[in-house]
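Trainee: Got a minute to go through this one with me? I'd like to pick a few spots and work outwards.
Mentor: Sure, put it up and ask away.

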Amino acid sequence: MNDLIDTRRFQEIKAAGELPSPKGIALSIARMSQRGDASLAELARLIQGDPALVGRLVRAANGTLPQGSRPVVALRDALAVLGMAAVRNLALGFSLISSNGEGLCRSFPYTRFWTGSVIRAIAMQKIVMRLRSAGVEESFSVGLLSGVGALGLASVFPVQYSRVLDEARGDPACLLEQERQAFAMTHVELSAAMLLDWGMPRFFVAAVLGHESALSAPVDPGSREYGLTMALGLARAIESACMADEASRAQSLDAARALAARMEWVPEQVSALCEEVALDWKDWSQMLPVDAYALPSLDGLADTLVPAPPPVPAAPPAPAAQQAANDAPGSEGLRVLVVEDDAATRLTLQTLLVRGGYQVAVAEDGVRGMDLALEFQPHIMVVDWVMPQMNGLELTRTLRQTRMGRNIYIILLTSHEEDQRLIEAFESGVDDYMVKPLRPRVLEARLRAGQRLVRMQRELESEREEIRRYAAELGVSNRRLQEVALTDALTGFPNRRYAMSRIAQEWAIAQRSERPLSCLLIDIDHFRQINETYGRDVADQVLEQTARAIRECMRAQDVVCRTGGDEFLIICPDTDLEQAMACAQRVCAGVAAAPVQAGRLRLTSSISIGVAERLPAMPDADALLTFADQALVAAKSAGRNRAHAAEWAVNRS
C-alpha cells in the first residue's frame, strides 16, 4: 500500500498545517481502541454520556442487519454488532462533521461536501450488504470518509485550494491535475493516506484510491479490492446523481448504470438501492448536524435515480474566525464572552461591551459558559470566580486543556485580593483579574491589554500561515525537482536511476507475495548506424517516435524506462513468462508498424527484446536483468526485430 501512497509527501502535508482530526469523545474512543484490553462495557460507559452519538451508532448498527431482523435498541447491542473498529471510525466521521461544518477555504462547498458524504455512506453500506462482502460494519464510515482528502487540502491550504477549485470549475480530471501540480498529491491520494494513518483496513484504503476511476479499473471479479472499489464507485455515482442539477444529472446516471452492469446487477437492483438510500437519508438527516446544509429532496429516487435538484442556498456568511481575521485590529469584530451568574452584573457588562463595539455573548454559569465558548469561540472572556456548578477557575482550567481555549484572553472577576487567592487564579490560567464592583474605565483598560494580545496572536498566526504556504511550495518544488532528476528529458520516460530503484521494489513485492514478475530489455536495431549516417537530430527523433510507439503498446500496470542511449527496460508486475512474451511481441509489431518521420526522411525502425521472468533460484533483481540481457543478445543474433525468452526461464517453464 505504501508503494501506491507517497507517505513522505503525506508527512509534509501533515507538518504544513492541521489536518482534520477527531476531537472530544471521538478522540477518547480512538485512544481506548488502541488498548488491547478495552472491553465493550468500558466503551459503552464512555459513549453513553453523548446521547446524540448513541442514537447514531444504534442507527448504524441497524443498517448492517438483514431485512426482517429484530432491530437494535440498546447501546451495548449496537456496540456488539458494530465492533470496536467500526465504532471508532463512525465516531471519527461524526466528529469531523461536527467540527468541520465550515472553514476558511472560500470556494470549498462545505455544506454540499458533507451532505454528499452522508449519502455516499448510506449507499456504500447498502451495496456492501448486497455483495455479502467483508467489512459491512465499517462500510458506512468508509463511504463517509472516502473524500476526506479534499477537506484536508481545504483545511491545510485554504487559499491555494480555493484557487485550485476555481480553476478546475467542477471538472474532476482537471481538479486532479491541478491538485497534483499545486500540492504534489491529489485529494484521492490524501484521503487514502489519512484513512491508512487512522488505521482503516488496507483493502478499504485500496478501494478509496481507485473508486473515482472505477470504470477504468481492470476487471478482476475474484478480488476483494476490486469488488469494494466497484461498490464505492457506485456509491459515489449515486451521490453525484442525488446532488446533480438537471444539466449534469444524465452523466451521473450513466456512470451508475455502467458500474452496476460491471457488478452484474440488473436495473431493478439499482432502483431498489436508490429507494432504500432515499428512505435511510430521511432518518440520517434528522440525526446528523446537517440542518443548515443544502439537503436534496430524494422523493421518487427509485424511478429516476435522482431527486429534483434542491435550490442552491445563498452563500452562508463568512465563519466567525475568518470574519475576525479580516477585521481591523480594534474592538470591532472581537468576540467577548461574559460568564456571570449575577443578572445585574451580567447586563452591565453586556451593555458596556456592546457600546465598545464588541460582539458579545453571555452565559449564566460555568457549564453553559463552556458550551458557549466552544460554539462562539471568543477572543476574550470575562469570567466570575464564584458561580454554581462550575466556578471560574474550573472553567479556566478546562478551557486551557483545549487547543481553542489556550488562545483566549481570560479576565477573572473577583471580590478577593489576597495574594494566595490571586496566585491560585494565575496558576489556573487566568490572564488578568478585576476586583468588584465594576469600574468601567478600569474594565476598558483591561480589555485594551487583551486586544494587544489578540492582535499579536493574529500576527503570529498570519506568519505561521505564511510559513505553511512556503513549506507547501517548497515541498511541491522538491517533488518536481525529484521528478526531473528521475525523468529522461528526451522521451519523458523514467531514467535508469528510477528504473533500478523501481525494479528492486517490484522484486521485493513479488518475493514477499510470491507473485510473478517479468522484465523486457529493449534495444533499437541499427541505432548506431542511424546516428552515424543521419546525425544526432535524426537519431533523437528515432528515439522519441520509437518511445511513443512503445508507450502505446504497453499495459496500464507496466513501467517503461529509458536506461541508456537506445536501451529501454519494461517492468511487468504480476506477469509470467508467457504473458511477458505476448507483450514483447505486441511491442515489436507496434514499433515495426510505425515508420519514423524525420523531416523528409521516412525510416523504418525495429527493436529487439530480451524477456526474463523472476524464478525462485534467482538471488536478486540484478540476476533477472542479467538473464534478460542474455536473451536480448540472443534476439539480435537470431536476426533482430524479434523477442527472445531467457533460456533458463524457458527450460524451467
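Trainee: Let's start with strand 8, residues 567-573: is it largely enclosed by the rest of the structure or left open, and why?
Mentor: Keep in mind that this is a predicted model. Strand 8 is largely enclosed by the rest of the structure, because six of its seven residues are buried.

Trainee: Which strands pair with strand 8, and in what sense?
Mentor: Strand 6 (residues 517-524) pairs with strand 8 in the antiparallel sense, over seven bridges. Strand 7 (residues 559-562) is antiparallel to strand 8 as well, with four bridges.

Trainee: What joins strand 7 to strand 8?
Mentor: A hairpin, through four residues.

Trainee: And which residues sit opposite each other in those pairings?
Mentor: From strand 6, Ser518 has Cys572 of strand 8 as its bridge partner. On the hairpin side, Arg562 is opposite Phe568 in strand 8.

Trainee: Changing topic: what is the strand order in the open sheet of five strands?
Mentor: The order is 2-1-3-4-5, and the pairing is parallel. Strand 2 (359-363) and strand 5 (432-435) are at the edges with a single partner strand each, so one side of each has no neighbour in the sheet.

Trainee: How much are neighbouring strands turned against each other?
Mentor: By 20° on average, with direction ignored.

Trainee: Which helix packs on that sheet?
Mentor: Helix 19 does, touching strand 1 (335-339), strand 2, strand 3 (380-384) and strand 4. The direction of helix 19 makes about 170° with that of strand 2.

Trainee: Thr345 is in that helix, right where I clicked. Buried or exposed?
Mentor: Thr345 does lie in helix 19, which covers residues 343-355. Its relative accessibility is 16%, and the cut-off for buried is under 20%, so Thr345 counts as buried.

Trainee: What is Thr345 in contact with, leaving aside its neighbours within four places in sequence?
Mentor: Glu340 and Leu438.

Trainee: Back to the sheet. How many residues of strand 4 are buried?
Mentor: Six of six, so to speak: strand 4 is mostly covered. Tyr409, Ile411 and Leu413 point one way, while Ile410, Leu412 and Thr414 point the other way, and all are buried.

Trainee: Why would the side chains split like that?
Mentor: Because side chains in a regular strand alternate between the two faces of the sheet.

Trainee: How many bridges does strand 4 make with strand 3 and with strand 5?
Mentor: Five bridges join strand 3 to strand 4, running parallel. Strand 4 (residues 409-414) and strand 5 are also parallel, over four bridges. Met381 is opposite Ile410 in strand 4, and Thr414 has Val435 in strand 5 as its bridge partner.

Trainee: What about helix 7, largely enclosed or not?
Mentor: Largely enclosed by the rest of the structure, because 17 of its 22 residues are buried. The span agrees too: at 1.5 Å a residue, residues 110-131 should cover 32 Å, and the end C-alpha atoms are 31 Å apart.

Trainee: Which residues have the most contacts inside the largest nonpolar core?
Mentor: Ile47, Phe108, Tyr161 and Leu234, in a core of 100 residues. Phe108 touches residues including Phe113, Ala150, Leu151 and Tyr161, not counting those up to four places away in sequence. A second, separate core has 35 residues, among them Leu543, Met554, Leu577 and Val587.

Trainee: Last one: what does the secondary structure of the chain come to?
Mentor: It comes to 29 helices and twelve strands. Of the chain's 653 residues, 48% count as buried.

Key: Residues numbered from 1 in each chain as written. Predicted model: local features only at pLDDT ≥ 70, side-chain atom pairs only at ≥ 80, totals over all residues. Heavy atoms only, no water. Core = buried A, V, L, I, M, F, W, Y, C linked by side-chain atoms within 4.5 Å. Buried < 20%, exposed > 50% of the residue type's maximum accessible area, 1.4 Å probe, protein only. Contact = heavy atoms within 4.5 Å. Helix = DSSP H or I, 4+ residues; strand = E, 2+ residues; numbered from the N terminus. Expected span 1.5 Å × (residues − 1). Pairing = 2+ DSSP bridges. Axes fitted to C-alpha atoms, helices over the stretch in contact; angles between N-to-C directions.
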